[in-house]
Amino acid sequence: MTACKWCGTSFPPMKKKVFCSTDCKSACHAAVKDLGEDMVASGIITISQLRDRHEAKKAAVGPYTG
Ligand SMILES: [Zn+2]
């Protein structure tokens, strides 16, 4: 069994799957978005740094597919 990275619920192992449900996946993505917004608001990272990192990662691994 695999433990959901968000809530810890066990689920059968599936290739590349780290969340037990789309709710957990959505909750994690929303939390990451909030964190990113807080980091920009508090000056930890700038929008341009965020954009550059995102563009570099897209170029390295291809488009995000969820
Ligand atoms: Zn979960």
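Me: Let me start with a cut-off: a residue is exposed if 12 or fewer other C-beta atoms lie within 10 Å of its own. The model here is predicted. Why is K16 called exposed?

Reply: K16 has 5 other C-beta atoms within 10 Å. The limit for an exposed residue is 12 or fewer, so K16 is exposed. The residue sits in the loop between β2 (10–11) and α1. Its phi is near 65°, a positive value in a residue other than glycine.

Me: What makes V18 count as partly exposed?

Reply: V18 has 14 C-beta neighbours inside 10 Å. Partly exposed is the class between 12 or fewer and 20 or more, so V18 belongs there. V18 is also found in the loop between β2 and α1. In space, V18 and T2 are 7.7 Å apart, C-alpha to C-alpha, while in sequence they are 16 residues apart.

Me: And C20, why is that residue partly exposed?

Reply: The count for C20 is 19 C-beta neighbours inside 10 Å. Buried begins at 20 or more, so C20 still counts as partly exposed.

Me: Which residues is C20 in contact with, leaving aside its neighbours within four places in sequence?

Reply: Those are C4, C7, T9 and F11. Contact here asks for C-beta atoms within 7 Å. For C7 there is a C-alpha figure too: C20 and C7 are 8.1 Å apart in space and 13 residues apart in sequence. C20 itself has its place in the loop between β2 and α1.

Me: How do you know that the span of helix α1 agrees with its number of residues?

Reply: Helix α1 covers residues 22–41, which is 20 residues. The rule takes 1.5 Å times one less than the number of residues, so α1 should span 28 Å. Its end C-alpha atoms are 28 Å apart, and the two values agree.

Me: Does that rule have a second case to try? What span should helix α2 have?

Reply: Helix α2 (residues 47–61) has 15 residues and should span 21 Å. Its end C-alpha atoms are 21 Å apart, which agrees.

Me: Why is α1 said to lie largely in the open?

Reply: Buried asks for 20 or more other C-beta atoms within 10 Å. Of the 20 residues of α1, the number buried is 0, so the helix lies largely in the open. α2 is hardly covered either, with a buried count of 0 among its 15 residues. For the protein chain, buried residues make up 0% of the 66 residues.

Me: What lies between the two helices, and why is S42 called exposed?

Reply: S42 lies in the loop between α1 and α2. S42 has 8 other C-beta atoms within 10 Å, and the exposed limit is 12 or fewer, so S42 is exposed. The C-alpha atoms of S42 and V61 are separated by 29 Å, with their positions 19 residues apart along the chain. Just after α1, G43 takes a positive phi of about 80°.

Me: How does the radius of gyration of the protein chain compare with a compact globule?

Reply: A compact globule of 66 residues would have a radius of gyration near 11 Å, but the protein chain has 15 Å. The C-alpha trace spans about 40 × 25 × 15 Å along its principal axes. Among contacts between residues at least 6 apart in sequence, 0% join residues at least 24 apart. The chain has 2 helices and 2 strands, in the pattern β-β-α-α.

Me: Where is confidence lowest, and where highest?

Reply: Confidence is lowest in α2, at a mean pLDDT of 91, and highest in α1, at 97. The mean for the protein chain is 92, and 92% of its residues reach 70 or more.

Conventions: Residues are numbered from 1 along each chain as its sequence is written. This is a predicted model: local features need pLDDT of at least 70, side-chain atom pairs count only at pLDDT 80 or more; totals for chains, interfaces and linings use all residues. Helices (H or I, at least four residues) and strands (E, at least two) are DSSP runs, numbered from the N terminus. Two residues are in contact if their C-beta atoms, placed from the backbone, lie within 7 Å. The radius of gyration is taken over C-alpha atoms; the globule rule is 2.2 Å times the number of residues to the power 0.38. pLDDT is the predictor's confidence in each residue, from 0 to 100.
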